[in-house]
Amino acid sequence: MSMTAINPATGETLHEYTLHDSDTVQNILQSAEKTAAHWRQQSIAQRAELLRSVAKQLKTQKAQLARLITQEMGKLIGESEGEIDKCAWVCEYYADQAEDFLSDQPLDSDASRSLVAWQPLGTVLAVMPWNFPFWQVFRCAAPALMAGNTVLLKHASNVPGCALQIEQVFRDAGCPSGLFSTLMISARDVADVIAAPQVHAVSLTGSEAAGRSVAASAGQQLKKCVLELGGSDPFVVLDDADLDAAVKGALTSRFLNSGQSCIAAKRFIVIDAVADEFVQRFNTAIASLKPGDPLDSNTGFAPMAREDLRAELHKQLSASIDQGATRITGGEPLEGKGWFYAPTLLDHVKPGMPAFDEETFGPLAAVVRANDEEQALQLANQTRYGLGGSVWTGNDQRGEAFARRMQCGCAFVNGMVKSDPRLPFGGIKDSGYGRELSLLGIHEFVNAKTLWIK
Ligand code: NAP
């Protein structure tokens, strides 16, 4: 059994990787357990030192790691470099903050002393997606390791080179064997790993379907689970918005990573009074996106990561047009090598169409027109997802009031939704549960142990 890495910009095979057999998986599980017993005894300062060393390796190897990301999943080389920088940042952030985040929390009670101590759970399984193949892994692993756990990675099968290279980065940083290990297994083997006695918790970032399956396994085994799933984030433009800023934000938010981000703006809900103007300016901005070789730093638009994902996006687009949406630009796979899809703008999208109801994971911006602010809010919340959302307005108070009423895990006013080590990240509804990053992220995979001392 093997996994194949294919270059999305050319369709050419990069490398074939052999999957781990069951003996190898057992050895890796046992090594993670053994190291966990030792790692939890290390002081926070010792753990922080190792995470700083990981950050240093990421910075030193940035060019080579970024190239690997671009070759395996197609994003622009500049975005890949930014991703590696962000991974170093999250390691340093938790190294700096851990003393504070993990210090005992004194409590008043009938004891002479009572407190909460934050203790590691053991080994955390991270099941991760390909769209930010380094960042998704590090934002889960850095806090889990800093809290004293060991980490096992099951990465997406289209980025096997990244999966192995991340393990190598930890090795190069001097981490003990078993601290961070990659399992080269298929999705169907995940349930067995969750059931293994050496594994104490699981974090899944991925699709709704994978979330349901992993949550079911974790539930069956009574193991802690965090789910970071899909989204259909609204990007609401009110009638007093600065349209230049809104269009700039819209372009980046929707077309970064060729639209393949969970928190990409997907539904552009625009008040009628400014909708024509917004659509016209957005269309002009989209025309500036020029596809090309993602390894060339002058290229402005990347291919999609897999052929099947491109076909799925096209199906969603065609069905939306059949149901009455208007195609302003794009709307087709680009001819030639690789899995490029034309940057696409749809207008007059409505509930009931796939571009409104489903997650569109590619370069497709759907404009939804609203009569007024109340209808815009109702449309923004009319989704089974609840990851992020943004609102654009000339009035901060109006923006904050609107953001507070949005049903999502993070709402931004006059800025595109983004992840940041300092801010909690996660969703509600079918976008999952639990939080990554910040204080909340490091408290997901710990035993909040109460100590009561008479
Ligand atoms: P995916 O197909 O769900 O895969 C994610 C990971 O789960 C992969 O490692 C995959 O392995 C594994 N997997 C798939 N089905 C599984 C199952 N039934 N049981 C156990 N593991 C399973 O998602 P993707 O295409 O890689 O990523 C795109 C999705 O991730 C989008 O929906 C996006 O919104 C979401 N995402 C969410 C966030 C967030 O923070 N909320 C961030 C990034 C992406 P294989 O590759 O071997 O199938």
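Is Ser438 buried or exposed, and what is its relative accessible area? In this predicted model, Ser438 has a relative accessible area of 5% and is therefore buried, the cut-off being under 20%. Ser438 belongs to helix α15, which covers residues 438-442. Its phi is near 60°, a positive value in a residue other than glycine. Most residues other than glycine have a negative phi. A second residue with this feature is Asn257, where phi is also near 60° and thus positive without the residue being glycine. Asn257 is placed in the loop that runs between α9 (243-255) and β11. With a relative accessible area of 1%, Asn257 is buried.

The overall architecture comprises 15 helices and 18 strands. For a chain of 454 residues, a radius of gyration near 22 Å would be expected of a compact globule, and the value for the protein, 22 Å, agrees with this. The C-alpha trace spans about 65 × 60 × 40 Å along its principal axes. Buried residues make up 57% of the 454. Among contacts with a separation of 6 or more, 72% are between residues 24 or more positions apart. The exposed area of the protein is about 18200 Å², of which carbon and sulfur atoms supply 49%. The charged groups comprise 41 positive and 53 negative charges, and the mean positions of the two sets are 3 Å apart.

Aromatic contacts were examined next. The structure holds 13 aromatic pairs. One of them is formed by Phe235 and Trp392, which are stacked, with a centre-to-centre distance of 5.0 Å and an angle of 25° between the planes. This pair links distant parts of the chain, since Phe235 lies in strand β10 (residues 233-237) and Trp392 in strand β15 (residues 388-392), 157 residues apart. Both Phe235 and Trp392 are buried. The rings of Phe278 and Phe282 also pair; their centres are 5.4 Å apart and their planes stand at 50°, so the arrangement is tilted. Phe278 and Phe282 are both in helix α10 (residues 272-286), and because they are 4 residues apart there, about one helical turn separates them. Phe278 counts as buried, at 0% relative accessibility. Phe282 is likewise buried, with a relative accessible area of 0%. Ring pairs join these four residues with Phe255 and Phe268, giving a cluster of Phe235, Phe255, Phe268, Phe278, Phe282 and Trp392.

Strand β10 also takes part in the packing around helix α13. In this helix, which covers residues 373-381, the residues Ala376, Leu377, Leu379, Ala380 and Asn381 are buried. The elements against which the buried residues of α13 pack are β10, β11 (265-271), α12 (354-357), β14 (364-370) and α14 (396-405).

Ser232 is located in the loop between β9 (224-228) and β10. The relative accessible area of Ser232 is 2%, and the residue is buried. When residues up to four places away in sequence are not counted, Ser232 touches Lys266, Arg267, Phe356, Glu358, Thr383 and Tyr385.

Two partly exposed positions were also examined. Asp296 sits in the loop between α10 and α11 (307-322). Its relative accessible area of 35% places Asp296 in the partly exposed class. Asp296 and Tyr94 are 202 residues apart in sequence, and their C-alpha atoms are 33 Å apart in space. Ile453 is found in strand β18, which covers residues 446-453. At 35% relative accessibility, Ile453 counts as partly exposed. A C-alpha separation of 34 Å lies between Ile453 and Tyr433, which are 20 residues apart along the chain. Apart from neighbours within four places in sequence, the contacts of Ile453 are with Ala111, Ser112 and Arg113.

Terms used. Residues numbered from 1 in each chain as written. Predicted model: local features only at pLDDT ≥ 70, side-chain atom pairs only at ≥ 80, totals over all residues. Heavy atoms only, no water. Rg over C-alpha atoms; globule rule 2.2 N^0.38 Å. Buried < 20%, exposed > 50% of the residue type's maximum accessible area, 1.4 Å probe, protein only. Contact = heavy atoms within 4.5 Å. Areas by Shrake-Rupley, 256 points an atom, 1.4 Å probe, with all protein chains shown as cover. Lys, Arg positive; Asp, Glu negative; His and termini not counted. Charge placed at Lys NZ, Arg CZ, Asp CG, Glu CD. Phe/Tyr/Trp six-rings, centres within 6.5 Å; stacked < 30°, edge-to-face > 60°.
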